[in-house]
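Hi,

Here's the model I said I'd pass along. Have a look at it first, and then read my notes below.

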Amino acid sequence: MAVYTALSQADVQRFIQRFGWHDLVELKATESGIENTNYFVTALDAKGNTGKLVLTLFEKVPIDALPYFVELTSFLADKGIPVPKPFRDHQQLAVHRLKSKPALLVPCFAGHHPQTPSLIQCQLIATALAKMHLASGQFLLQRENVRGPQWRRRSIELLSPILDSENRQLLLEQTSKWTRHQAAIDALPHGITHNDLFHDNALFLENKLTGIIDFYQACNDVLIYDLAVLVNDWCSDEEGRLIGPLYDAVMGAYQQHRPFTPAERAMWPDTLAYAALRFWISRLLSWHDAESHRKVAQKDPDIMRRILLWRLNHPAPL
Ligand SMILES: Nc1ncnc2c1ncn2[C@@H]1O[C@H](COP(=O)(O)OP(=O)(O)O)[C@@H](O)[C@H]1O
Ligand SMILES: N[C@@H](CCOP(=O)(O)O)C(=O)O
């Protein structure tokens, strides 16, 4: 269960009151998630209306990083994109501390994460991503990618001694190539990126996209990199091959709203490989980290390795 900090009914009752939620009806720990403590909360407001909420305690994210996420999700929700807009107290403050951890209260979306995404779900998520990217120009806050070049360098230092020679060679070759391409990557269109839009960060009620969650990797970054993260997760089979109809659905829906520039077209096959490499690295780090093993869900690094190899050997069509 994704609960690292236990909360009592009384803790939560006190916490939600500052946001105008008077009575706690039900408190339930979430069963999924990796980084944070999440509780599902049912509560009544002053008029007796029932609200379904999610209370998140941030176990590692520092409190001063949260205003960016609060403003970003508020901005996107106001644009009609289904993201969790945090509740604010009477002073308009969304971020508070609970049990010494930074905490947010957001609406709970109905629906489920797709087990195996369908064609229509792929179209819907790609459309939402394109709309998010197109809104970028109006959002003025900036944040750097915490999984950027510095993180890559540190990760190589940590992983090189523990990987076998074949994997070490792959890691070193591909990270060097990424570094060599950095100037070309930096020249690509940038904007708001989610950067972790895996299918377990989207909720659907059948064919309706009800929510996109987990914005805590969001930053200003390369737009097609964000799309590449999505494609690798939503449109790959177990061998790492692209699933043609799902890939076409994502690319068609995205480009209907935001067609690629010539530079993006040129960099697309490499960008897919870099997106796979980034998650291969982060999954390897968790895999080799004893603390992570105590956590709920360890994600398999090998699938990301297979995706990476497939992207290198079979450049994706456009
Ligand atoms: N706003 C929300 N609406 C519905 N479910 C949510 C919401 N936020 C989180 N969840 C549920 O909690 C789980 C963990 O949330 P997530 O942000 O992915 O945690 P972590 O960052 O710890 O992985 C999600 O998989 C989802 O089931
Ligand atoms: N969705 C990711 C996990 C989140 O990335 P991290 O860099 O915070 O570990 C995955 O499926 O690997």
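The largest cavity holds about 30 Å³ of space. This is a predicted model, so please read everything here in that light. With the cut-off set at 30 Å³ or more, the count comes to one cavity.

What lines it? Around the largest cavity you'll find Asn145, Arg147, Asn195, Gln217, Tyr225 and Arg278. Sorted by class, that lining has three polar residues, two charged ones and one nonpolar. The nonpolar one is Tyr225, because Tyr is put in the nonpolar class here. The two charged ones are Arg147 and Arg278, since Arg counts as charged.

Now for ligand 2. Its surroundings are made up of Arg147, Asp196, Phe198, Gln217, Arg278, Phe279, Ser282, Arg283 and Lys299. By class, this shell has five charged residues, two polar and two nonpolar. Arg147, Gln217 and Arg278 turn up both in this shell and in the cavity lining.

Which side chains make polar contacts with ligand 2, and at what distances? Three to look at:

- Arg147: an N or O atom of its side chain is 2.8 Å from an oxygen atom of ligand 2.
- Asp196: here the partner is a nitrogen atom of ligand 2, at 2.6 Å from a side-chain N or O atom.
- Arg283: a polar side-chain atom sits 2.6 Å from an oxygen atom of ligand 2.

As for burial, ligand 2 taken alone exposes 340 Å², and the protein buries 87% of that.

Cheers

Methods: Residues are numbered from 1 along each chain as its sequence is written. Chains are lettered from A and ligands numbered from 1 in the order in which they are written. This is a predicted model: local features need pLDDT of at least 70, side-chain atom pairs count only at pLDDT 80 or more; totals for chains, interfaces and linings use all residues. Side-chain values use heavy atoms; hydrogens and water are left out. On a 1 Å grid over the protein atoms alone, a cavity is a set of points where a 1.4 Å probe fits but cannot get out, and a pocket is an open set with protein on both sides within 12 Å along at least five of seven lines; lining residues have an atom within 4 Å of a point. Grid points are joined across faces, edges and corners, and a volume is the space filled by probe spheres set on the points. A residue is near a molecule or strand if one of its heavy atoms lies within 4 Å of it. A polar contact is a pair of N or O atoms within 3.5 Å; within protein, one must be able to donate a hydrogen and the other to accept it, and residues adjacent in sequence count only if both atoms are side-chain atoms. Accessible areas come from the Shrake-Rupley method with a 1.4 Å probe; for residues, only the protein chains shown count as cover.
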